Amino acid sequence: MIDKTIKNNSKMNVIITKDKVEGGKKAFELVEKAIHSDAAVLGLATGSTPETLYKEMRASNTDYSNLISINLDEYKGLPADHPQSYHTFMQENLFKDKPFKKSFIPDGLGDEDEEVKRYNKIIEEYPIDLQILGIGTNAHIGFNEPGTSFLQETHVEKLTEATINANKRYFESEEDVPKYAFSMGIKSILSAKKILLMAFGESKAEAVHDMLNGPITEQVPASILQTHDDVTVIIDEAAASKL
């Protein structure tokens, strides 16, 4: 494993690994360390980025049944049992083998106002010890697209064309991709005690560069992580290519 820390303009600890498999192994080490340090609530992400981490978690001997999980987001309008819902993703990639004590994911069919209130209350009741994040090609975190206020809590986000294009591979056609999603807000994400962001592949290189070295701006949502006290970024060589 290439496991080297690089210096950047922010306080973030950046670890470069050979590829996403090694990145998942390193992320798993950090998740295990957090749990052994009494982390009780994990914020979880979906999409292709955390798949290698979840594979390591499924293969481990760790018991997660005393932990709480809170997911970042869910497509608006998709039922929990839809093949492309994040409920289904989490069940298939983690929960079927490693159930948690409680697992919270937004209800894609929920009333917008009520679901936002419910989810904000959950995050308040169960403060997140370690938040897992990916990053979009446009530097979104969760589904907080460019222009989202840094003070935003849980909300419904209109997805950009870049995000729709990135996700259409999971659906039969682009028309089937939901155009809105419930998402934990940037303020909610920043409330986590520790943050672990992963990014793999050359398509994420520009977003990673802007997150680490660019100005802090709402046009680059992930740039706000420069202000957090405890962020670790795990990237492979391809995602680090513009650093």
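**Reading the fold, the charges and the surface**

Mentor: Welcome! The protein chain in front of you has 7 helices and 11 strands. Please keep in mind that this is a predicted model.

Trainee: Thanks! How compact is the protein chain for its length?

Mentor: Its radius of gyration is 17 Å, close to the 18 Å that the globule rule gives for 243 residues, so the chain is as compact as a globular protein of that length. Along the principal axes, the C-alpha trace spans about 45 × 40 × 35 Å.

Trainee: And what share of the residues counts as buried?

Mentor: Of the 243 residues, 54% count as buried.

Trainee: Now for the charges. How many salt bridges are found in the whole structure?

Mentor: Let me start with the general idea: side chains of opposite charge can pair when their charged atoms come close. Here, a search of the whole structure finds 8 salt bridges. One of them joins Arg118 to Glu115, with the closest N and O atoms 2.6 Å apart.

Trainee: Where do Arg118 and Glu115 sit relative to each other?

Mentor: Both belong to helix α4, and because they are 3 residues apart there, about one helical turn separates them.

Trainee: Is Glu115 buried or exposed?

Mentor: Glu115 counts as buried, because its relative accessibility is 6% and the cut-off for buried is under 20%. Its partner Arg118 counts as partly exposed, at 33%.

Trainee: Which parts of the chain does the salt bridge between Asp230 and Lys194 tie together?

Mentor: First the contact itself: the closest N and O atoms of Asp230 and Lys194 are 2.8 Å apart. Asp230 lies in the loop between α7 (205–213) and β11 (231–236), while Lys194 is in strand β10 (residues 194–199), so the pair ties together parts that are 36 residues apart in sequence. Both are partly exposed: Asp230 has a relative accessible area of 27%, and Lys194 is at 36%.

Trainee: What about Glu174 and Lys168?

Mentor: Their side chains also meet in a salt bridge, at 3.7 Å from N to O. Glu174 is partly exposed, with a relative accessible area of 29%, and Lys168 is partly exposed too, at 35%.

Trainee: Let's turn to the surface. Which residues form a negative patch?

Mentor: Look for Asp111, Glu112, Asp113 and Glu114, which form a negative surface patch. Glu114 has its place in helix α4, which covers residues 112–125.

Trainee: How accessible is Glu114?

Mentor: Glu114 counts as partly exposed, with 48% relative accessibility.

Key
Residues numbered from 1 in each chain as written. Predicted model: local features only at pLDDT ≥ 70, side-chain atom pairs only at ≥ 80, totals over all residues. Heavy atoms only, no water. Patch = residues over 30% accessible without salt bridge, like charges linked within 9 Å, V, L, I, M, F, W, Y side chains within 5 Å. Areas by Shrake-Rupley, 256 points an atom, 1.4 Å probe, with all protein chains shown as cover. Salt bridge = Lys/Arg side-chain N within 4 Å of Asp/Glu carboxyl O. Lys, Arg positive; Asp, Glu negative; His and termini not counted. Charge placed at Lys NZ, Arg CZ, Asp CG, Glu CD. Helix = DSSP H or I, 4+ residues; strand = E, 2+ residues; numbered from the N terminus. Buried < 20%, exposed > 50% of the residue type's maximum accessible area, 1.4 Å probe, protein only. Rg over C-alpha atoms; globule rule 2.2 N^0.38 Å.
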